[in-house]
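I set out to record what I looked up in this structure, entry by entry. The entries cover backbone angles, helix contacts, aromatic pairs and a few single residues.

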Amino acid sequence: MEATMTRTGTATPAHDAVRYTLPLYEMARMRAATCPRRNSAGAFAAPQPDAPVRWINHFIHTRQLLGPQHRQVVTPNNDTLYSNAWLDLSQGPLLLDVPDSAGRYYVLGLLDFYTNPFGYIGTRTTGNGRGRFLLHGPRWHGDVPAGATAIACPTDAVWLLGRVLVDGEADLPAVHALQDQFRLSTLDGAPAARPFDVGMQPGEHLGDPRRYAEVVNQALRENPPPAAEAALVAGFAQSGIGADCGGSAPGDAVLARLGTAIKEVLAELAAPLPSDLGGGWTLPVEIRESFGARFAERALVARNYIGALGVEEAMYVMADRDSEGAPLDGRTGYELAFAADALPQVGAFWSLTMYDKTDCMLVDNALGRYSLGDRSPSLRYDADGSLRLHLSASPPADPAARANWLPAPAGPFYVTLRLYVPQPAHLDKTFVYPPIRPLAGAASVGEPS
């Protein structure tokens with residue numbers, strides 16, 4: 001991934017402006033899509049059904065493990081339930097109360113409006129016990145209530161995206177009870193939820209440069225960039241981008257340049273990822289608490305992996321190629337073998353999830369098995385402690401191997417190895433990820449058309 005936003009080749013000021021501000025647009029779009037119209041009591045945030053008004057400072061929770069029938073997000077997680085809340089701290093700080101999770105892994109990740117994953121509440125960072133946290137914006141100054149831990153947020157708009165570990169369908173009621181104890185309130189103890197104009201409709205798609213400028217300019221007014229980047233952002237005004245550019249619409253020539261830049265940046269972000277870990281494996285998201293000046297990487301993650309946690313909390317290692325560099329295809333059988341002394345090293349859990357490459361969704365199968373990992377009751381280890389996973393559309397011929405079979409589509413696929421609380425060997429990239437090898441005698445299907 002590109003380390004900094006350097007101008008090379010045909011890059012223009014408008015190109016730089018789009019690459020810098022694309023995360024703001026994607027966050028605004030995600031907020032519009034995931035903030036609820038109704039609160040937990042069923043009340044609408046606005047009487048007009050087409051108004052862009054949603055409930056803010058309000059938790060919504062997924063109640064089912066995601067499967068092939070859930071198609072709202074790509075490359076979905078099948079290990080946890082999500083808890084989602086968009087926060088607005090412009091009217092003052094909020095108190096967040098969390099329960100004792102009784103040893104269960106969970107994390108509430110905090111992203112600023114530029115998609116930097118600046119903070120975490122949960123098992124790894126604050127523990128599993130009951131806690132109270134004061135979340136405040138960059139301009140707030142005041143006394144922190146007794147018993148609360150203050151968390152300074154870089155922007156007034158914050159996305160709180162939580163994940164709670166689930167051990168199968170039978171575990172869901174216990175996780176629901178835990179989710180229901182997450183609570184947001186104002187300093188005086190009142191419920192924090194209130195109506196808020198998110199400024200977009202859920203169905204909007206990137207393309208119209210005039211609309212793009214409207215959305216990101218509003219975001220820049222409400223969430224100013226860091227002081228160190230203020231001069232850089234001021235230079236975007238010539239491209240119609242900036243907090244002070246809302247008074248008049250950009251001219252046709254400016255809009256034309258901005259529209260071209262949007263297309264260029266989207267093409268740049270659609271380029272194939274390198275096999276930077278060897279053996280066909282790549283780490284598309286490599287961020288800790290802030291992207292800093294790595295604006296191209298930030299745009300890539302915002303466009304393709306928005307909401308991803310930082311690598312100290314979770315790593316998402318992906319592969320769509322086999323040991324010979326050929327595309328993975330379920331019509332070919334594969335083996336992924338971990339030596340006994342080279343299993344994934346995590347402080348929480350790991351899993352390998354299968355996705356159909358044609359739509360980036362989970363693969364429907366008769367077993368209802370979408371992932372395998374260290375918590376899977378079916379897993380069978382070899383006598384020496386090694387672990388061999390089988391990836392194919394058809395079950396392995398050996399019945400004993402079917403316990404470790406991860407069903408694939410009868411076509412192109414990719415897998416994601418999720419590592420929650422990865423240990424140093426993963427973080428410092430000394431861990432050797434085993435290649436995915438075609439099974440002896442399996443016919444290669446070649447590059448799919």
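**Entry 1. Positive phi.** I started with T115, which sits in the loop between β5 (106-112) and β6 (117-122). The model I am reading is a predicted one. For T115 I found phi near 75°, a positive value in a residue other than glycine. I recalled the background for this check: most residues other than glycine have a negative phi. I then asked whether T115 is buried or exposed. Its relative accessibility is 6%, and T115 therefore counts as buried, the limit being under 20%.

I noted a second residue of this kind, N57, with a positive phi near 60° in a residue other than glycine. N57 lies in the loop between β1 and β2 (60-61). With a relative accessible area of 3%, N57 is buried.

**Entry 2. Helix α1 against helix α6.** I next looked up how helix α1 (residues 13-34) lies against helix α6 (residues 295-304). Their axes come within 8 Å and cross at roughly 25°. Angles under 35 degrees count as roughly parallel, and α1 and α6 are therefore roughly parallel to each other. I recorded the crossing of α1 and α6 as left-handed.

Which residues make this contact? From α1 I listed R19, Y20, L22, P23, E26 and R29. In α6 they meet F295, A296, R298, A299, A302 and R303. By class, the contact of α1 with α6 comprises seven nonpolar and five charged residues, with no polar ones.

**Entry 3. Helix α1 against helix α3.** I then turned to α1 and helix α3 (residues 209-222), whose axes come within 9 Å and cross at roughly 90°. This angle makes α1 roughly perpendicular to α3. On the α1 side I noted V18, T21, L22, L24, Y25, A28 and R31. These residues meet Y212, V215, V216, A219, L220 and E222 in α3. By class, I recorded ten nonpolar, one polar and two charged residues for the contact of α1 with α3. I marked L22 in my notes, since it is listed for α1 in the contact with α6 and also in the contact with α3.

**Entry 4. Aromatic pairs.** How many aromatic pairs does the model hold? The count comes to 16 aromatic pairs, ring centres being required to lie within 6.5 Å. I examined two of them.

The rings of Y334 and F413 have their centres 5.8 Å apart and their planes at 75°, so I entered the pair as edge-to-face. This pair links distant parts of the chain: Y334 belongs to strand β14 (residues 334-338) and F413 to strand β20 (residues 413-422), 79 residues apart. Y334 and F413 are both buried.

For F349 and Y420, the ring centres are 4.5 Å apart and the planes stand at 15°, so this pair is stacked. It also links distant parts of the chain, with F349 in strand β15 (residues 346-356), Y420 in strand β20, and their positions 71 residues apart. I found F349 buried, and Y420 likewise.

I also noted an aromatic cluster formed by Y20, Y114, F236 and F295. Two of its members, Y20 of α1 and F295 of α6, appear in the helix contact of Entry 2.

**Entry 5. Single residues.** I looked up L134 in strand β7 (residues 131-136). L134 is buried, with a relative accessible area of 0%. Leaving out residues up to four places away in sequence, its contacts include P93, L94, L95, W140 and L187. T149 is also among them, and the C-alpha atoms of L134 and T149, 15 residues apart along the chain, are separated by 5.8 Å.

N78 is in the loop between β2 and β3 (80-88). Its relative accessibility is 14%, and N78 counts as buried. Beyond its neighbours within four places in sequence, N78 is in contact with L65, L66, Y370 and S371. The C-alpha atoms of N78 and A256 are separated by 42 Å.

My last residue was A43, placed in the loop between α1 and β1 (53-56). A43 is partly exposed, with a relative accessible area of 34%. Apart from neighbours within four places in sequence, A43 is in contact with R37, R38 and W55. Between the C-alpha atoms of A43 and L389, 346 residues apart along the chain, I noted a separation of 48 Å.

Definitions and conventions. Residues are numbered from 1 along each chain as its sequence is written. This is a predicted model: local features need pLDDT of at least 70, side-chain atom pairs count only at pLDDT 80 or more; totals for chains, interfaces and linings use all residues. Side-chain values use heavy atoms; hydrogens and water are left out. Axes are lines fitted to C-alpha atoms, for helices over the stretch in contact, and angles run from 0 to 180 degrees between N-to-C directions. Helices (H or I, at least four residues) and strands (E, at least two) are DSSP runs, numbered from the N terminus. Angles under 35 degrees count as roughly parallel, over 145 as roughly antiparallel, 65 to 115 as roughly perpendicular and the rest as oblique. A crossing is left-handed if the near helix is turned anticlockwise from the far one by less than a right angle, and right-handed if clockwise. Contact means heavy atoms within 4.5 Å. Ala, Val, Leu, Ile, Met, Phe, Trp, Tyr, Cys and Pro count as nonpolar, Asp, Glu, Lys and Arg as charged, and the others, Gly among them, as polar. Rings of Phe, Tyr and Trp (its six-membered ring) pair if their centres lie within 6.5 Å; planes under 30 degrees apart count as stacked, over 60 as edge-to-face and the rest as tilted. Buried means under 20% relative accessible area, exposed over 50%, partly exposed in between (1.4 Å probe, protein chains only).
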